[in-house]
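User: I am new to this structure and would like to understand how its descriptive terms are justified. Please set each value against the criterion that applies to it.

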Amino acid sequence: MSGFIEGENRYQSTLFPERVDDYVDEDSVVRVIDVFIDRLDISGLGFKAEAAETGRPGYHPRTMLKIYVYGYLNQVHSSRRLEREAGRNVELMWLSGRLAPDFKTIANFRKDNGEAIRLVCREFVMLCRKLNLLGDTLAIDGSKFKAVNNRDKNFTRAKMKRRLAEVEASIDRYLGELDNADQSAPPEDTRSLKDKIAALTEEMDRLKKFEVRMLEAPDQQLSLTDPDARSMKSRGGGIVGYNLQTAVDVKHHLITVHEVTNVGSDRRQLTRMAKQAKVALQTRSLNVIADAGYYNGDELQSCEEHNITAYVPHPATSHNKAKGLFDRGEFHYIAEDDEYQCPAGERLIYRFTREEKGKAIQRYWSSACPSCPIRERCTTGKNRRVSRWVHEAVVERAAVRLAAKPDAMKIRRATVEHPYGTLKAWMGSTHFLTKTLDHVSTEMSLHVLAYNMKRVINLIGTKQLLEAI
Ligand code: SF4
């Protein structure tokens, strides 16, 4: 066809460039991967790197690591696809020196070097710190990622109860139908019903065995495909998976620290993540912003003790407000008198201290309540009682701090949305490919390393990054 750009005839002899290097751009990402991994202290990081003295030598961990990092940067995560790419992708050939390990070798490398791979991710964060790309304010957030465990293969006490009840109800229904069947009907007419009852009885036995295993587990939960995956609440409902915790730098949206956990709640994660971030940034103080899911008095206190300034909003859950009564915020604490002033101007005085859920709680009330003219707006009991944690000053300071930084939640949202959106888009609909917390953590570290590497290249360019390495 004329009038279009025409390609070469594939049967025509041509002289290709002699060097594989000629196929790779000067500013290609593979050059960054190559130099970064070549500079790593492979055995110091704990990679299993023993040269064979006899027999067939194995692949060097650097080669295997390069293949993996390239794969995760290009959304090629499975070992079988990496094996295929290593044999046909020019950039990967350049990177691996045209070595093409089989998929089992590739998969085993990720399986056997989890801890070392996680440390490589940390090495890159250290490089980011040296490049002055990380600031002193981080947004801490968690997001749920799906495990390779179908929801039907996960059992909690509630789910098990429901499933057992469903099966029992079905058995009862079929038994009833069987009773109602004409006694004189030939046996083949009732065979289908009997088969259904037998199958359901078998299912009941199977569920009962799972129930025993489930009740033996410390958290009374059982996942059949991935034993570490847990059922957890997520924005779109519930999933069976893992909770990824990240501390993301506000300045450039780089993931400073991350941790995969199978605890669904964020309530106890704030200080742990912030302390890890302090180590990664090698700093004595740090600012962290998190959403209301992280709000916990003990955590705020622990942050203060570790020189971590936390901005966390109080979850808006006031039972009194919901009932149309004065909110707790309308009672003002007078520190010098250790008393509260109520909306009627009366003083609530200290009465006693008692332990509630492991916390020392002080109680305050006024003797003026029974004769108060606005009592119906305040309490349904005889006196309105106000509770105060002995370390309440910590949460009061946190509230004042947050009020002085009104854009904190906006900053948090803008910071964490970027990495989570990118990671989930890269991981596709299935999220994790491996099983168990250990292997899933390794997989996530490769994703985080790829994310950070791509982000830094976008920020400063390949040349500057290569020079810095
Ligand atoms: S009921 Fe008691 S605490 Fe409430 S406003 Fe009246 S005096 Fe104050």
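Analyst: This is a predicted model. Among contacts in the chain between residues at least 6 apart in sequence, 66% join residues at least 24 apart.

User: What makes the chain more spread out than a compact globule?

Analyst: The chain holds 14 helices and 13 strands. Its radius of gyration is 30 Å, whereas the globule rule gives 23 Å for 469 residues; the value is well over the rule, so the chain is more spread out than a compact globule. The C-alpha trace spans about 105 × 85 × 60 Å along its principal axes.

User: Into which domains is the chain divided, and how far apart do the C-alpha centres of domain 3 and domain 4 lie?

Analyst: The division gives domain 1 (20-112), domain 2 (135-148 + 232-309 + 402-449), domain 3 (157-220) and domain 4 (319-391). Between the C-alpha centres of domain 3 and domain 4 there are 54 Å.

User: How many of the residues in the chain are buried, and why is Leu 244 called buried?

Analyst: Buried residues account for 29% of the 469 residues in the chain. The term requires 20 or more other C-beta atoms within 10 Å. Leu 244 has 25 such atoms within 10 Å, and therefore it is buried. Leu 244 belongs to strand 5 (residues 237-249). Not counting neighbours within four places in sequence, it is in contact with Gly 142, Ser 143, Phe 145, His 258, Val 260 and Met 444. Leu 244 and Gly 142 are 102 residues apart along the chain, yet their C-alpha atoms are separated by 5.3 Å.

User: Which residues touch the most other members of the largest nonpolar core?

Analyst: That core has 78 residues, and those that touch the most other members are Val 69, Ile 140, Ala 274 and Leu 449. Helix 14 (residues 437-468) gives the most to this core, with 10 residues. At least three residues come from each of domain 1 (20-112) and domain 2 (135-148 + 232-309 + 402-449). Ile 140, leaving aside its neighbours within four places in sequence, is in contact with Ala 247, Leu 270, Met 273, Ala 274, Val 288, Ala 290 and Tyr 294. Another core, of five residues, lies apart from the largest one, and among its members are Tyr 340, Leu 348, Tyr 364 and Trp 365. In soluble globular proteins, nonpolar side chains tend to be buried together.

User: Tyr 451 and His 439 both need a description. Why is Tyr 451 called buried, and why is His 439 called partly exposed?

Analyst: Tyr 451 lies in helix 14, and the place of His 439 is in helix 14 as well. Tyr 451 has 23 other C-beta atoms within 10 Å, which meets the threshold of 20 or more, so Tyr 451 is buried. His 439 has 18 other C-beta atoms within 10 Å; this lies between the limit of 12 or fewer for exposed and that of 20 or more for buried, so His 439 is partly exposed.

User: Which residues do these two touch, leaving aside sequence neighbours?

Analyst: Beyond four places in sequence, Tyr 451 is in contact with Ile 255, Pro 419, Thr 422 and Leu 423. His 439 touches Lys 111, Gly 114 and Thr 434, with residues up to four places away not counted. The C-alpha atoms of His 439 and Asp 112 are separated by 9.2 Å, although these residues are 327 apart along the chain. Tyr 451 and Arg 354 are 97 residues apart in sequence and 49 Å apart in space, C-alpha to C-alpha.

User: What is stated about the phi of Gln 75, and why does Gln 75 count as partly exposed?

Analyst: Gln 75 has a positive phi of about 55° although it is not a glycine. It is found in the loop between helix 2 (61-73) and helix 3 (79-88). With 13 C-beta neighbours inside 10 Å, Gln 75 exceeds the limit of 12 for exposed and does not reach the 20 needed for buried, so it counts as partly exposed.

User: Where does Thr 436 lie, and why is it called partly exposed?

Analyst: Thr 436 is in the loop between helix 13 (408-427) and helix 14. Its phi is positive, about 75°, although it is not a glycine. Because 16 other C-beta atoms lie within 10 Å, Thr 436 is partly exposed.

User: How many residues surround the ligand, and how do they divide by type?

Analyst: The ligand is surrounded by 13 residues, and the closest are Cys 342, Ala 344, Cys 369, Cys 372 and Cys 378. The shell divides into eight nonpolar, two polar and three charged residues.

Terms used:
Residues are numbered from 1 along each chain as its sequence is written. This is a predicted model: local features need pLDDT of at least 70, side-chain atom pairs count only at pLDDT 80 or more; totals for chains, interfaces and linings use all residues. A residue is near a molecule or strand if its C-beta atom, placed from the backbone, lies within 6 Å of it. Ala, Val, Leu, Ile, Met, Phe, Trp, Tyr, Cys and Pro count as nonpolar, Asp, Glu, Lys and Arg as charged, and the others, Gly among them, as polar. A nonpolar core is a set of buried Ala, Val, Leu, Ile, Met, Phe, Trp, Tyr and Cys residues joined through C-beta atoms within 7 Å. Helices (H or I, at least four residues) and strands (E, at least two) are DSSP runs, numbered from the N terminus. Domain bounds come from an automatic or database domain assignment. Two residues are in contact if their C-beta atoms, placed from the backbone, lie within 7 Å. The radius of gyration is taken over C-alpha atoms; the globule rule is 2.2 Å times the number of residues to the power 0.38.
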